[in-house]
Structure formats: C-alpha cells, structure tokens
Amino acid sequence: MRIMGLDYGSKTVGVAISDALGITAQGIETIGRKEENKLRRTCARIEELIKEYGVERIVLGFPKHMNNDIGDRAEQSIEFGKMLTRRTGIEVVMWDERLTTVEAERTLIENRVRREDRKKYIDKVAAVIILQGYLDSLSFVNPGCDMS
C-alpha cells in the first residue's frame, strides 16, 4: 500500500509518496498555483498522482500552533483534507507538522542547497518529513514479527 504525504501551503503543495512497503518517503514534486483559493488544478494533479502510484491513504500536514491551538492555516488544511476525501474517496489523515519547515530548511542547508534554490525544494522536503514521521509511527505501533 502506498501512502501520499502532502504539505499544503497557500501557494504550493509539496508531495511525497511512500515506497510499496510503507517504510520510506520520497519527494515527488511541488504543485504550484497562482492564487490561494484556486484548487481545481491542484486537486486534479493530486488525483493523477494517486492513480499513477496506487495511493490508498493520504497524510496531510496539520499546522497547529506551538501551544497546540488550531489557527486559520490549520482550519484551511482541514477543509482541504475534506475536499480531497470527497474528490478521491481516500482516507485523509491529519498529521502534526509543527517545525517541519524548519527541519526541511535545515536539511537543505546541510545538503548545501543554495539559498536561492531552497524555495523550489522546501515544500517537497517538508512533505517527505511529514510522511516519514507518519510511516515511522506505523512501524512503532506495528514493529513486525518477533524473531525470538
């Protein structure tokens, strides 16, 4: 089963896909749009990727505030998740994404990505971090067989 990770932003959506075993996340692309509320093409591209990769679940970043409050961005993410479920019929799991952009920025710096190029990659890297966190939580809950 493949799982899609999404980092939903005001003008972009970073996309990551798990491997077939659900162990690792790989960045696929960043879907851009000119206006925040223009989501038709964004959703159409997500649907294409769902079909292409055989996605059975979506993990959507949930941008809570550091004090655990839910602000405007988080409310917009919830609405986006509901829209994706309506359009695709696929379960959308909301995943706490606090500090993923900071971690993505740090990853890009450590990999010596030039400052002016980081904007092209940051949302895709954040989607990878969101999805990998979710995948890691699944392996923690279901660690596999006991070899003893």
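Hi everyone, let's start with one residue: aspartate 7, which, apart from its neighbours within four places in sequence, is in contact with Thr12, Val13, Gly14, Glu97, Asp123, Ala126, Ala127 and Ile130. Contact here means heavy atoms within 4.5 Å.

Before going on, a word on the source. This is a predicted model, where local features need pLDDT of at least 70 and side-chain atom pairs count only at pLDDT 80 or more, while totals for chains, interfaces and linings use all residues. Residues are numbered from 1 along each chain as its sequence is written, and side-chain values use heavy atoms, with hydrogens and water left out.

Back to aspartate 7. Where does aspartate 7 sit? Its place is in strand E1, residues 2-8. Helices (H or I, at least four residues) and strands (E, at least two) are DSSP runs, numbered from the N terminus.

Which side chain of opposite charge is nearest to aspartate 7? That is arginine 73, 8.1 Å away, and aspartate 7 is buried without a salt bridge. Three terms need explaining here. Buried means under 20% relative accessible area, exposed means over 50%, and partly exposed lies in between, using a 1.4 Å probe and protein chains only. For charge, Lys and Arg count as positive and Asp and Glu as negative, with His and the chain ends not counted. A salt bridge is a side-chain nitrogen of Lys or Arg within 4 Å of a carboxyl oxygen of Asp or Glu.

Now the strand around aspartate 7. In E1, 6 of the 7 residues are buried, so "mostly covered" is a fair description by the under 20% rule. Two strands pair if DSSP finds at least two bridges between them. E1 pairs with strand E4 (residues 55-62) in the parallel sense, over 5 bridges; leucine 6 has leucine 60 in E4 as its bridge partner. With strand E2 (residues 12-18), E1 runs antiparallel, and 5 bridges join them. There, tyrosine 8 stands opposite valine 13. E1 and E2 form a hairpin, with 3 residues between them.

Let's zoom out to the whole chain. It has 4 helices and 5 strands, and from the N terminus the order is β-β-β-α-β-α-β-α-α. Of its 148 residues, 39% count as buried. Among contacts between residues at least 6 apart in sequence, 62% join residues at least 24 apart.

How many salt bridges are there? By the rule I gave, the count is 5. One of them joins the side chains of arginine 45 and glutamate 29, at 2.7 Å from N to O. Arginine 45 lies in helix H1 (residues 40-53) and glutamate 29 in strand E3 (residues 25-32), so this pair ties together parts 16 residues apart in sequence. Arginine 45 is partly exposed, at a relative accessible area of 25%.

Another salt bridge is between arginine 57 and glutamate 91, at 3.2 Å from N to O. Because arginine 57 lies in strand E4 and glutamate 91 in strand E5 (residues 91-96), the pair ties together parts 34 residues apart in sequence. Arginine 57 counts as buried at 17% relative accessibility, whereas glutamate 91, at 45%, counts as partly exposed.

My last pair is glutamate 79 and lysine 82, whose side chains meet at 3.6 Å, N to O. Both lie in helix H2 (residues 72-88), 3 residues apart, about one turn of the helix. Finally, salt bridges that share partners join Glu29, Arg45 and Glu48 into one network. Thanks for listening!
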